[in-house]
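Let's go through this model together and ask, label by label, what earns each one. Keep the sequence and the 3D view open as we talk.

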Amino acid sequence: QVQLVESGGGLVQAGGSLRLSCAASGRTFVSRAMGWFRQAPGKEREFVATISGDYGRIYYLDSVKGRFTISRDNAKNTVYLQMNSLKPGDTAVYYCAAGRRGFAPASYGSGYEYWGQGTQVTVSS
């Protein structure tokens, strides 16, 4: 069992920055790919970014490339999402997710085993 707790969401003006954090419980963090997803009202949850357990593979949603950066600190059991140049279209609830042990990172929700409760990000124009 892995528990994930997101933090760092809030209200920011367009062009601003936020850094989301996700703290994971347990001793298997290093063996799991970690991902970020988001869901806006009336829309399906969409993939944002993912990073492999060994830091070697990183993938992003095309619309956030160059603006968002995913990173992880395995010693702290924490994954981060640095969000720069935020746009109103980035407004959503952002969710942290943990993949299965030993599995490759995925860009779809069914590739993840555990999910956090989400943190709200609101970008004003």
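Q: Why is Ser 21 called buried?
A: In this predicted model, Ser 21 has a relative accessible area of 16%. Buried means under 20%, so Ser 21 earns the label.

Q: Where does Ser 21 sit, and which residues does it touch once its neighbours within four places in sequence are left aside?
A: Ser 21 belongs to strand 3. Its contacts are Val 5, Glu 6, Ser 7, Trp 36, Thr 78, Val 79 and Tyr 80. In addition, the C-alpha atoms of Ser 21 and Leu 81 are separated by 6.5 Å, with their places 60 residues apart along the chain.

Q: Why is Ser 25 called partly exposed?
A: Its relative accessible area is 27%. The partly exposed class lies between under 20% for buried and over 50% for exposed, so Ser 25 falls in that class. Its place is the loop between strand 3 (18-24) and strand 4.

Q: What makes Ser 25 and Asn 77 partners in space, and what else does Ser 25 touch?
A: Ser 25 and Asn 77 are 52 residues apart along the chain, with their C-alpha atoms separated by 7.2 Å. Contact means heavy atoms within 4.5 Å, and by that rule Ser 25 is in contact with Asn 77 as well as Gln 1, Val 2 and Gln 3, leaving aside neighbours within four places in sequence.

Q: What is notable about the phi of Asn 77?
A: Asn 77 is not a glycine, yet its phi is positive, at about 55°. Most residues other than glycine have a negative phi. You will find Asn 77 in the loop between strand 7 (68-73) and strand 8 (78-83).

Q: Is Asn 77 buried or exposed, and how do you know?
A: Its relative accessibility is 18%. The cut-off for buried is under 20%, so Asn 77 counts as buried.

Q: What is the phi of Ser 85, and where is this residue found?
A: Ser 85 also carries a positive phi without being a glycine, with a value near 50°. It is found in the loop between strand 8 and strand 9 (92-99).

Q: What makes Ser 85 partly exposed?
A: Ser 85 has a relative accessible area of 40%. Since buried is under 20% and exposed is over 50%, a value of 40% makes Ser 85 partly exposed.

Q: How do you know that Gly 66 is exposed?
A: Exposed means over 50%, and Gly 66 has 82% relative accessibility, so it counts as exposed. Its place is the loop between strand 6 (58-60) and strand 7. The C-alpha atoms of Gly 66 and Glu 46, 20 residues apart along the chain, are separated by 18 Å.

Q: Which residues does Val 30 touch, not counting those up to four places away in sequence?
A: Val 30 touches Gly 53, Arg 72 and Asn 74. Gly 53 is 23 residues from Val 30 along the chain, and the C-alpha atoms of the two are separated by 5.1 Å. Val 30 is found in the loop between strand 3 and strand 4.

Q: How many aromatic pairs are there, and why is the one between Phe 37 and Phe 47 called edge-to-face?
A: The count comes to four aromatic pairs. For Phe 37 and Phe 47, the ring centres are 5.8 Å apart and the planes make an angle of 75°. Pairing needs centres within 6.5 Å, and edge-to-face needs planes over 60 degrees apart, so this pair is edge-to-face.

Q: Why does this pair tie together separate parts of the chain?
A: Phe 37 lies in strand 4 (residues 34-39) and Phe 47 in strand 5 (residues 46-51), so the pair joins parts 10 residues apart in sequence. Both Phe 37 and Phe 47 are buried. Ring pairs link these two with Tyr 112 and Trp 115 into a cluster.

Q: What secondary structure does the protein have, and why is it called as compact as a globular protein of its length?
A: The protein has zero helices and 11 strands. Its radius of gyration is 13 Å, close to the 14 Å that the globule rule gives for 125 residues, so it is as compact as a globular protein of that length. Of those 125 residues, 46% count as buried.

Technical notes: Residues are numbered from 1 along each chain as its sequence is written. This is a predicted model: local features need pLDDT of at least 70, side-chain atom pairs count only at pLDDT 80 or more; totals for chains, interfaces and linings use all residues. Side-chain values use heavy atoms; hydrogens and water are left out. Helices (H or I, at least four residues) and strands (E, at least two) are DSSP runs, numbered from the N terminus. Buried means under 20% relative accessible area, exposed over 50%, partly exposed in between (1.4 Å probe, protein chains only). The radius of gyration is taken over C-alpha atoms; the globule rule is 2.2 Å times the number of residues to the power 0.38. Rings of Phe, Tyr and Trp (its six-membered ring) pair if their centres lie within 6.5 Å; planes under 30 degrees apart count as stacked, over 60 as edge-to-face and the rest as tilted.
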